[in-house]
Amino acid sequence: DTWKYAIEEAINEVQGVYATKFKEEIEANSDHEVQIFPYGTLGESADTMEQTQAGILQFVDQSPGFTGALIPEAQVFFVPYLLPTDTEKLNEFFRTSKAINEDFMGLYAEQGLELLKMFPEGEVAMTTKEPVHSPEDLNEVKFRVMTNPLLVEAYQAFGATPTPLPWGEVYGGLQTNIIQGQENPTSFIESTKLYEVTDVITYAGHSNFTTAVMANKEFYDGLSDGDKELVQNAATAAFDYILDYQKGLEKEALDAIKEAKPSIEVNVLTEEERAPFKAAAAKVEAKFIEMTGDSGKAILDQMKADLEAVSAD
Ligand code: 6CS
């Protein structure tokens, strides 16, 4: 039989590399086949999620940036400055966190989804037409965000005019000046050629792009114990692989951008420049609790405890 797996990116981008490894593991260890549907073949992220919930697809990669309406607690990833910028700590957090590996599973299960893995795709950079050194510089900037209410709050708190859009409208929106800014990991800015329609890349250290891979729960529950183990092992092998694969990726991508567009301005904000953005994060965290209540607070507290455990070692 053939298992269908949709991703939100191209096959050579991070989600595609993860999916390819997953497919290889499944096919090397069973008679099942995995068919990967890259971004664009089945619609936007919202469409592939619907198809997965309906059981048309068996697997889907959907980032929490698009999961806000379905699972409000998944918006926690958009509380700015929650995740560490240190890659080793970050990876260790995703590997060991109870919030990620246990608590979120229950929340996804309520929506008919078996959460297999969450993993980071790289530090998020802001791309704009004008330099950004402070929230004031984002004033009047229509800044595209994924369709996620808390991300809208975050960019409002950062001083911008947030504009939620699906991925398919971002390049054209920047080209026609409907939007002037957006955020994404450096490797994605490079592979999608977003740098062609942007002039400045800014690192404020406020977020790492998190994504989530899941299965249709009814499908998963119907698998034999052996096949469940096969799926879990493949998800874990792909997780280890993708963290390793991403070592050095951001630097390579930034070098490639500079080579393709020498006029690009790259700014890494200083601690002083980050301070007002960090101050804005408190407002966003309060908004998150307001939106998600006790269950959101429980996830946030657990994540903080998990993060502390990681920093302690
Ligand atoms: O910004 C977005 O919408 C897209 N960014 C990434 C890194 N992956 C997929 C997502 O659709």
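A cavity is a set of points, on a 1 Å grid over the protein atoms alone, where a 1.4 Å probe fits but cannot get out. The model examined here is predicted, with local features requiring pLDDT of at least 70 and side-chain atom pairs pLDDT 80 or more, while totals for chains, interfaces and linings use all residues. Residues are numbered from 1 along each chain as its sequence is written, and side-chain values use heavy atoms, without hydrogens or water.

The chain averages a pLDDT (the predictor's confidence in each residue, from 0 to 100) of 97. A score of at least 70 is reached by 100% of the residues. For the complex, the predictor gives an ipTM of 0.99 and a pTM of 0.98.

Five cavities of 30 Å³ or more are present. The largest holds about 140 Å³ (the space filled by probe spheres set on grid points joined across faces, edges and corners). It is lined by 17 residues (an atom within 4 Å of a point). Closest to its centre are Phe 66, Trp 167, Asn 184, Phe 188 and Phe 209. The ligand takes up this largest cavity (more than half of its atoms lie within 2 Å of the grid points).

The residues around the ligand (a heavy atom within 4 Å) include Glu 8, Glu 121, Met 146 and Pro 185. Three polar contacts (N or O pairs within 3.5 Å) involve side chains. Glu 9 lies 2.7 Å from a ligand nitrogen. Asn 184 approaches a ligand nitrogen at 2.8 Å. Arg 144 lies 2.8 Å from a ligand oxygen. The protein covers 100% of the ligand's 290 Å² of accessible area (Shrake-Rupley, 1.4 Å probe).

Technical notes: Polar contact = N/O pair within 3.5 Å; in protein donor to acceptor, adjacent residues only side chain to side chain. 1 Å grid on protein atoms, 1.4 Å probe; cavity = no way out; pocket = protein on both sides within 12 Å on 5 of 7 lines; lining within 4 Å.
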